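Here are some worked exercises to try on a protein chain. Have your viewer ready, try each task yourself, and then read the solution.

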Amino acid sequence: MKYTSISVIALMFGSWLTSQAAEMKFSYADDEFVLYGTGKKEHYDVAIYLDGKGLAGYNVKNISVPLYVNTDKVSLWLSTELRLESVGGKKVNAPDIISIDAEVENGIAAVELSEAYTLSEQGVYIGYSFEINDISDENGKYPVVVANDINTLGGFFIHSSRSFSTWTDMVQATGQTSAISVTIEGDFNDRAVSLATLESVQIVADEPFGLPAIIVNHGLQGARSLSYSYEAGEIIGNGHIELDRPLPGKLNAVASVELPIQVLPTGTESITVQLTEVDGEPDTDFSSEASCALRMVSFIPERRVVMEEYTGTWCGYCVRGLAAMEALNSRYPDNYIGIAYHRGDPMGITTAFPASIGSLPDSYLDRTRQTDPYFGTYKEGFGIERDFLELVDTESPAVVGISASWQDDNIIATSEVTFVEAPVSNYEVAYVLLENDMYGNTADWLQTNYYSGEEPTEYIEEMRQFCDAPELMAGYHYNDVAVMCSNLTGIGNSVTAEIDVPSHHTYTFENISETCNLDGEKIVQNKDQLSVVVLLLDMNDGHIVNAAKCSLNDSGINSMGKETETEIISTRYYDLQGRSIQNPSDNIYIRSDVYSDGTVKSYKVKKN
């Protein structure tokens with residue numbers, strides 16, 4: 001049985017021009033199910049929220065949910081709110097519409113409502129409850145069937161007798177949605193696609209762009225192509241797209257698309273788009289029009305995603321994180337930055353980590369997604385790549401550059417931050433010194449490897465060395481290891497946030513040769529393998545909005561970036577101590593150029 005993944009923002013219905021009575025399936029999850037649970041013997045209550053906007057008068061006919069565990073009693077229910085009542089000193093679920101006992105057959109718990117429930121605009125919570133008394137297998141430990149979908153709100157609430165004392169929204173915490181499914185009866189048209197949202201985007205004047213949009217199916221036939229018209233200031237245009245994948249004829253099947261828009265002049269502040277045709281026929285959905293603001297900027301910053309991984313040589317499962325970081329660095333060298341914080345081994349330098357971590361391996365992407373460093377938020381395959389690609393497509397308010405140079409046994413790092421739009425928060429920078437090719441020959445450098453003897457074809461190529469290696473690996477060389485750092489949660493007053501005005505800050509890593517690990521042993525092995533990372537932090541919640549990395553090469557200075565033919569929009573000079581120089585002359589300086597595409601290049605020059 002296959003259900004269609006949907007987004008709650010798309011639960012909008014209306015009076016279609018022509019319609020017919022029909023039944024359509026509704027679910028937040030598709031058939032790529034995974035399991036969630038607490039690993040405890042306890043009572044579970046699970047729910048979704050079905051928004052009622054435009055659904056007034058439609059009927060809920062039946063409810064079903066996959067349930068792969070043996071349990072004595074299952075009930076499916078509807079409620080106007082998520083309610084708990086105290087019974088015998090315990091808080092228990094108290095649905096206020098209906099609760100029906102259900103049987104589990106062939107892994108499905110289902111009920112047919114004897115009298116269909118008529119929806120109102122206020123919507124309804126739909127859920128199920130069951131008891132777990134046997135956790136001897138995976139189904140007992142993780143009995144809640146879910147699907148991976150980090151963008152859906154209202155798709156997964158949970159309460160339990162031991163672990164969740166209150167109703168908790170789990171979508172943001174887990175990136176998952178419940179597999180509850182309902183059948184809705186109503187008047188549906190053949191072709192009706194909603195333009196649920198348009199996403200406000202950064203654009204550059206007089207350059208074409210793609211406008212991100214979310215479309216949602218409300219029709220029986222789905223969609224393969226869309227035509228649209230738009231109005232932006234004095235510009236009127238139209239376009240047509242063929243969908244990469246057909247939008248299935250399932251209720252609220254959702255897709256993300258990009259609508260090509262022609263060039264717009266300076267000063268254009270908003271755009272209105274209307275879907276006009278679905279597969280060459282009129283789009284009859286009442287919500288086929290949407291508007292959004294446009295944020296015109298001088299250039300669009302290049303986005304770099306930072307993966308902070310927590311690992312240790314003693315951690316046998318951590319090798320999958322080592323492989324993932326090597327793979328991402330190889331595949332996306334211009335947009336990926338990896339930082340490995342070691343714990344409990346010779347590469348450990350701090351316990352004041354910038355985020356709360358669980359059991360190793362653990363990782364964060366931009367300090368917004370806590371996730372397995374290999375399986376990712378989606379908990380399957382090389383899922384971390386999917387997480388990375390989603391984040392690298394997000395916008396940054398600023399371009400970030402970094403340059404660094406040696407002064408005796410110190411490294412002088414200078415960051416440059418240029419905002420392309422009005423800052424919405426307070427921002428600070430933090431610095432990390434990384435070393436590549438670190439290794440040792442003592443027992444505490446032996447890498448424990450729990451993937452020894454596994455089939456390498458089940459993993460990415462970078463995992464092969466671990467599958468072919470023994471359970472204790474000698475001589476492994478570690479990359480992107482954090483060996484020194486500033487305050488990782490931000491340096492106060494380090495960024496002046498003004499539009500198109502570069503902000504500079506200098507930080508010194510002192511006494512490189514004498515720097516020690518937590519055991520008091522000197523940690524830096526090879527000065528030629530060092531690089532500096534600068535992180536731009538949004539101090540509202542501490543997440544990373546952009547970053548840059550430079551290696552210290554033979555000339556002693558480098559900056560992360562790529563060759564570009566775009567024009568230089570600003571140039572700054574610094575002395576070898578990293579101090580800004582207004583009128584350089586008769587000395588050697590560091591020149592830092594910012595290009596119109598956001599690239600920053602720094603190099604030594606001699607001014608006469």
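**Exercise 1.** Is R320 buried or exposed?

Solution. Keep in mind that we're working with a predicted model.
- Start by placing the residue: R320 sits in helix 3.
- Next, take its relative accessible area, which is 10%. The cut-off for buried is under 20%, so R320 is buried.
- Finally, look at what it touches. Leaving out residues up to four places away in sequence, R320 has contacts with P361, D372, Y374, F375, Y451 and M463.

**Exercise 2.** Find out how many residues of helix 4 are buried, and what covers them.

Solution.
- Helix 4 spans residues 383–392, and 7 of its 10 residues are buried, so we can call the helix mostly covered.
- The buried ones are G383, I384, E385, D387, F388, L391 and V392.
- As for the cover, it includes helix 3 (319–331) along with strand 26 (305–311), strand 27 (336–342), strand 28 (362–365) and strand 29 (369–371).

**Exercise 3.** Work out the strand order of the open sheet that holds strand 30, strand 31 and strand 36, and say why one side of strand 30 has no neighbour in the sheet.

Solution.
- The order is 30-31-36, and the pairing is antiparallel.
- Strand 30 (398–407) and strand 36 (503–509) are at the edges with a single partner strand each, so one side of each has no neighbour in the sheet.
- Neighbouring strands here are turned by 20 degrees against each other on average, direction ignored.
- Now zoom in on one pair: strand 31 (residues 410–419) and strand 36 are antiparallel, with 7 bridges between them. To check the register, pick I412: its bridge partner in strand 36 is T508.

**Exercise 4.** Describe how strand 35 is enclosed and how it pairs with strand 32.

Solution.
- Strand 35 covers residues 481–485, and 4 of these 5 residues are buried, so the rest of the structure largely encloses it.
- Strand 32 (residues 427–435) runs antiparallel to strand 35, and 4 bridges join the two.
- For a register check, take E435, whose bridge partner in strand 35 is V481.

**Exercise 5.** Which cysteines are joined by a disulfide, and what is its handedness?

Solution.
- Recall that a disulfide is a covalent bond between the sulfur atoms of two cysteines.
- With a cut-off of 2.5 Å between sulfur atoms, the count comes to 1 disulfide.
- It joins C315 to C318, with an S to S distance of 2.2 Å.
- The torsion about the S-S bond of C315 and C318 is about 85 degrees, so this disulfide is right-handed.
- Both C315 and C318 are buried.
- Two further cysteines are worth a look for burial: C292 counts as buried at 10% relative accessibility, and C467 counts as buried at 3%.

**Exercise 6.** Count the salt bridges, then trace where the partners of D279, R295 and K527 lie.

Solution. The background is simple: side chains of opposite charge can pair when their charged atoms come close. The structure holds 20 salt bridges. Let's take three of them in turn.

*D279 and R191.*
- The closest N and O atoms of D279 and R191 are 3.9 Å apart, against a cut-off of 4 Å.
- D279 is in the loop between strand 23 (270–278) and strand 24 (281–282), while R191 is in the loop between strand 16 (181–188) and strand 17 (193–198), so the pair ties together parts 88 residues apart in sequence.
- D279 is buried at a relative accessible area of 16%, and R191 is buried at 17%.

*R295 and E395.*
- For R295 and E395, the closest N and O atoms are 2.4 Å apart.
- This pair links distant parts of the chain, 100 residues apart: R295 is in strand 25 (residues 289–296) and E395 in the loop between helix 4 and strand 30.
- R295 counts as partly exposed at 25% relative accessibility, and E395 counts as partly exposed at 33%.

*K527 and D409.*
- K527 and D409 have their closest N and O atoms 2.8 Å apart.
- K527 lies in the loop between strand 36 and strand 37 (530–538), and D409 in the loop between strand 30 and strand 31, 118 residues apart.
- K527 counts as partly exposed at 33% relative accessibility, whereas D409 is buried at 18%.

One last step: salt bridges with shared partners join R191, R224, D279 and E281 into one network.

Methods
Residues are numbered from 1 along each chain as its sequence is written. This is a predicted model: local features need pLDDT of at least 70, side-chain atom pairs count only at pLDDT 80 or more; totals for chains, interfaces and linings use all residues. Side-chain values use heavy atoms; hydrogens and water are left out. Buried means under 20% relative accessible area, exposed over 50%, partly exposed in between (1.4 Å probe, protein chains only). Helices (H or I, at least four residues) and strands (E, at least two) are DSSP runs, numbered from the N terminus. Contact means heavy atoms within 4.5 Å. Two strands pair if DSSP finds at least two bridges between them. Axes are lines fitted to C-alpha atoms, for helices over the stretch in contact, and angles run from 0 to 180 degrees between N-to-C directions. A salt bridge is a side-chain nitrogen of Lys or Arg within 4 Å of a carboxyl oxygen of Asp or Glu.
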